[in-house]
Amino acid sequence: MRILTAIMATLASLTYTFGIAQAVSAPAHEHRPTVHLDPMSADRLDPIPADQPIVFRHGDVSWLPALALKAGWTADQIPTVTMIVLRESGGCAYRKGGDIVDKDCNVIGHDGSNHSSDTSLMQVNGLNYDPKRNPTAPICLQMKICTQEPLFDPLTNLKAGKLLFDYWQKAAGNGWIPWDPCNRTRTCKASTKSLP
């Protein structure tokens with residue numbers, strides 16, 4: 001809720017400062033900014049300096065390599081992380097599972113699916129952070145993030161994704177399992193490429 005309040009205050013300030021005739025506001029249930037993320041939000045694990053804001057646009061992840069490296073991913077993992085982020089969220093940090101977004105990552109609808117616990121860039125699933133759904137949720141246990149809201153922060157989301165990668169690499173020898181569409185259904189269409 002703090003993030004939503006900060007976002008709305010920022011948008012109101014921008015509207016006043018730049019004389020924008022009509023403020024853009026998301027529906028009450030949305031908590032995604034349309035301009036920049038708040039670089040000093042209290043939910044951030046490691047704030048991005050205010051002079052380096054990220055502007056999210058669907059399909060543009062030019063900012064991702066630097067942020068992924070900061071989150072602990074290695075250079076050789078960046079191409080796969082990029083592929084996952086583009087497929088899972090389109091690079092829209094404030095996207096939930098099933099959200100339909102426009103080119104500026106504004107949520108404009110929902111596809112009717114029930115994947116709303118899938119969160120942000122890597123679409124981290126609630127089973128990995130919500131102790132009500134999974135008492136051994138690794139993100140809750142290891143990062144102390146047990147709700148969805150902090151995972152909308154892109155750096156935090158990439159760190160959570162890295163935690164999941166490391167967990168599955170150790171447990172099954174394949175850290176990409178959480179994002180492998182062939183793994184989820186146990187079947188794989190010929191047109192679907194399984195992750196490394």
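Accessible area here is obtained by the Shrake-Rupley method with a 1.4 Å probe. For this predicted model, the accessible surface of the protein comes to about 10,400 Å², and carbon and sulfur atoms account for 58% of that area.

Begin with the whole chain in cartoon view. The protein has six helices and two strands, arranged from the N terminus as α-α-α-β-β-α-α-α. Of its 196 residues, 46% count as buried. Among contacts between residues at least 6 apart in sequence, 52% join residues at least 24 apart.

Next, select Trp73, Met122, Ile139 and Leu158. Within the largest nonpolar core, which holds 35 residues, these four touch the most other members. Adding helices H2 (64-70), H3 (78-88), H4 (138-143) and H5 (154-172) to the selection shows elements that each supply at least two residues of this core. The largest share, six residues, comes from H5.

Now centre the view on Leu158. Apart from neighbours within four places in sequence, Leu158 is in contact with Leu64, Leu67, Ala68, Ala71, Trp73, Val81, Val85, Leu121 and Met122.

Move from there to Trp73, one of the contacts of Leu158, and display Lys162 as well. Lys162 lies over the face of Trp73, at 5.9 Å from the ring centre.

Finally, turn to the aromatic side chains. Which residues do ring pairs link into a cluster? Select Phe56, Trp63, Tyr94 and Phe152 to display this cluster. A search of the whole structure finds eight aromatic pairs. When inspecting any such pair, note that two aromatic rings are described by the distance of their centres and the angle of their planes.

Note on methods
Residues numbered from 1 in each chain as written. Predicted model: local features only at pLDDT ≥ 70, side-chain atom pairs only at ≥ 80, totals over all residues. Heavy atoms only, no water. Helix = DSSP H or I, 4+ residues; strand = E, 2+ residues; numbered from the N terminus. Buried < 20%, exposed > 50% of the residue type's maximum accessible area, 1.4 Å probe, protein only. Contact = heavy atoms within 4.5 Å. Phe/Tyr/Trp six-rings, centres within 6.5 Å; stacked < 30°, edge-to-face > 60°. Lys NZ or Arg CZ within 6 Å of the ring centre and 35° of its normal. Core = buried A, V, L, I, M, F, W, Y, C linked by side-chain atoms within 4.5 Å.
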